[in-house]
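Me: I have a sequence and its 3D structure open on my screen. Could you walk me through the fold with some questions and answers?

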Amino acid sequence: MLTLASKLKKEDGGKTGRASGASDSTHRVSIRDRLLTKEVAELEANLPSTCKASFPDEDKLHHFQLAVSPDEGYYQSGRFQFEIDVPEAYNMVPPKVRCLTRIWHPNITENGEICLSLLREHSIDGTGWAPTRTLKDVVWGLNSLFTDLLNFDDPLNIDAAEHHLRDKEDFRNKLTL
């Protein structure tokens with residue numbers, strides 16, 4: 001994380017040294033990357049105790065993984081990995097999130113697709129993505145999928161939700177696939 005921040009500071013400091021008319025397209029940092037530098041710092045300061053973010057390449061803040069280890073509820077003591085990719089058009093569009101851990105969950109398909117309203121680009125109820133949302137909102141939302149946002153009434157994985165309604169104990173035994 002510090003690598004990109006250092007890079008941004010260096011480039012801001014070196015602007016006056018460029019010859020006029022020279023192409024500086026190779027030195028430009030995208031708006032997304034500028035936003036991510038600030039948001040990642042805020043995220044790290046406010047990360048839920050049940051979450052851990054990891055950046056495989058510290059120069060690419062737009063691609064990272066999140067581990068969620070719920071400390072209550074059905075999924076207590078589990079460890080669930082998510083992959084988060086932040087598109088170039090961020091913050092006008094939401095990050096793309098996929099669950100890497102195979103899980104039996106009403107809001108996560110067996111293929112890792114996630115139903116979380118704030119990840120929707122367009123939402124009828126107004127709870128979808130907005131440019132005012134941040135990575136912190138995404139992480140807290142993913143964390144909440146295992147506690148207060150666990151939704152059996154409006155599932156993405158209908159089989160998991162119906163299984164829960166039929167036999168809660170058997171559902172509990174099948175939480176990870």
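**Pocket, core and strands**

Reply: Happy to! By class, five nonpolar, three polar and three charged residues make up the lining of the largest pocket. Here Ala, Val, Leu, Ile, Met, Phe, Trp, Tyr, Cys and Pro count as nonpolar, Asp, Glu, Lys and Arg as charged, and the others, Gly among them, as polar. The model is predicted, with local features needing pLDDT of at least 70, side-chain atom pairs counting only at pLDDT 80 or more, and totals for chains, interfaces and linings using all residues. Residues are numbered from 1 along each chain as its sequence is written, and side-chain values use heavy atoms, leaving out hydrogens and water.

Me: In what order do the elements of the chain run from the N terminus on?

Reply: Helices (H or I, at least four residues) and strands (E, at least two) are DSSP runs, numbered from the N terminus. The chain has five helices and four strands. Their order from the N terminus is α-α-β-β-β-β-α-α-α.

Me: Which element gives the largest share of the largest nonpolar core?

Reply: Such a core is a set of buried Ala, Val, Leu, Ile, Met, Phe, Trp, Tyr and Cys residues joined through side-chain atoms within 4.5 Å. The largest one has 39 residues, and Leu-66, Phe-82 and Leu-142 are among those with the most contacts inside it. Helix H2 (31–45), strand S3 (80–85) and helix H3 (135–144) are among the elements that give two or more residues to this core. The largest share, four residues, comes from H3.

Me: Why is H3 largely enclosed by the rest of the structure?

Reply: Buried means under 20% relative accessible area, exposed over 50%, and partly exposed in between (1.4 Å probe, protein chains only). Val-138, Val-139 and Leu-142 are among the buried residues of H3. The cover over the buried residues includes H2, S1, S2, S3 and S4. H3 is largely enclosed because the buried residues number seven of its 10.

Me: Which residues of S1 point to the buried face?

Reply: In a regular strand the side chains alternate between the two faces of the sheet. Along S1, Lys-52 and Ser-54 point to one face and are not buried, while the buried ones on the other face are Cys-51 and Ala-53.

Me: Which residue in S2 stands opposite Ala-53?

Reply: Two strands pair if DSSP finds at least two bridges between them. S1 and S2 run antiparallel and are joined by four bridges. Opposite Ala-53, in S2, stands Leu-66.

Methods:
Contact means heavy atoms within 4.5 Å.
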